[in-house]
Structures are given as structure tokens and as C-alpha cells.
Amino acid sequence: MVKGVEGDEITLKYKDGEKKIVVVPSTAIVTYVPGDKSELKPGAKIFIAGANKKEDGTLETAAISVGRERVTPPM
């Protein structure tokens with residue numbers, strides 16, 4: 001446990017090792033799931049990374065993150 005921090009300790013394992021971290025109760029845990037255009041509506045909190053501007057001025061990107069349930073990207 002990290003001294004002075006209260007929460008659940010989890011271990012992240014990856015190719016070259018592992019790391020223990022503490023997740024405090026107020027931490028938003030997010031999962032990415034496929035969506036569709038209906039998620040992109042006025043007022044939606046979105047994050048677009050790596051977009052390319054096309055000749056006509058529109059943007060093109062492979063992915064867009066859309067917030068849900070009071071969680072705002074880029075998580």
C-alpha cells in the first residue's frame with residue numbers, strides 16, 4: 001500500500017515487469033466499447049486524436065472517444 005493513500009491496490013502486469021498502483025474510490029474506470037454515429041450528438045463530450053484535415057475542411061480520424069455518465073474524455 002502506498003503510504004498516505006487509501007484505496008484498492010492493483011497489480012498491472014506487462015511484458016517487461018509489473019507495477020502496483022492504488023486506485024482511489026473517486027477514480028473513473030473506463031472501458032472502450034464500439035459505438036456508432038448516434039453517440040455524436042450536440043452536447044456530447046468528445047476527444048479526437050490524430051485527425052487529418054481534408055481538402056474540403058472536414059476532419060477524418062480512425063477513432064473518437066465519447067464521454068458517458070459524467071466521465072469526460074480523454075479519460
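**Exercise 1: The salt bridge**

Find how many salt bridges the structure holds, and work out which residues take part.

*Step 1.* Start with the count: the structure holds 1 salt bridge, the term meaning a side-chain nitrogen of Lys or Arg within 4 Å of a carboxyl oxygen of Asp or Glu. Side chains of opposite charge can pair when their charged atoms come close.

*Step 2.* Now name the partners: E39 pairs with R68, and their closest N and O atoms are 2.5 Å apart. The pair links distant parts of the chain, with E39 in the loop between β2 and β3 and R68 in the segment after β6, 29 residues apart. Strands here are DSSP runs (E, at least two residues), numbered from the N terminus.

*Step 3.* Check how open each partner is. E39 has a relative accessible area of 21% and so is partly exposed; R68 is also partly exposed, at 47%. On this scale, buried means under 20% relative accessible area, exposed over 50%, and partly exposed in between (1.4 Å probe, protein chains only).

**A word on the model**

This is a predicted model, in which local features need pLDDT of at least 70 and side-chain atom pairs count only at pLDDT 80 or more, while totals for chains, interfaces and linings use all residues. Residues are numbered from 1 along each chain as its sequence is written, and side-chain values use heavy atoms, leaving out hydrogens and water.

**Exercise 2: Confidence**

State the mean pLDDT of the protein, then say where confidence is lowest and where it is highest.

*Step 1.* The mean pLDDT (the predictor's confidence in each residue, from 0 to 100) is 84, and 92% of the residues reach 70 or more.

*Step 2.* Confidence is lowest in β3, at a mean of 88, and highest in strand β4 (residues 52–53), at 93.

**Exercise 3: A strand pair**

Describe how β1 and β2 are joined, and pick out residues that stand opposite each other.

*Step 1.* Strand β1 (residues 8–14) runs antiparallel to β2, and 7 bridges join them. Two strands pair if DSSP finds at least two bridges between them.

*Step 2.* The connection from β1 to β2 is a hairpin through 2 residues.

*Step 3.* Trace the facing residues: T11 stands opposite K20 in β2, and K13 stands opposite E18 in β2.

**Exercise 4: Around F47 and S65**

Place S65 and F47 in their strands, decide whether S65 is buried or exposed, and list the contacts.

*Step 1.* S65 belongs to strand β6 (residues 64–66), and F47 is found in strand β3.

*Step 2.* S65 is buried because its relative accessible area is 17%. F47, at 35%, counts as partly exposed.

*Step 3.* Contact means heavy atoms within 4.5 Å. Not counting residues up to four places away in sequence, S65 touches Y32, K45, I46, F47 and P73. Leaving aside neighbours within four places in sequence, F47 is in contact with I64, S65, P73 and P74.

**Exercise 5: A surface patch**

Name the residues of the nonpolar patch and look at L40 within it.

*Step 1.* L40, I46, I48, L59 and I64 make up the nonpolar surface patch, with about 430 Å² of accessible area together. Areas come from the Shrake-Rupley method with a 1.4 Å probe; for residues, only the protein chains shown count as cover.

*Step 2.* Patches take residues with over 30% relative accessible area and no salt bridge, joining like charges within 9 Å and nonpolar side chains (Val, Leu, Ile, Met, Phe, Trp, Tyr) within 5 Å.

*Step 3.* L40 lies in the loop between β2 (17–23) and β3 (46–48), and at 44% relative accessibility L40 is partly exposed.

Key:
Helices (H or I, at least four residues) and strands (E, at least two) are DSSP runs, numbered from the N terminus.
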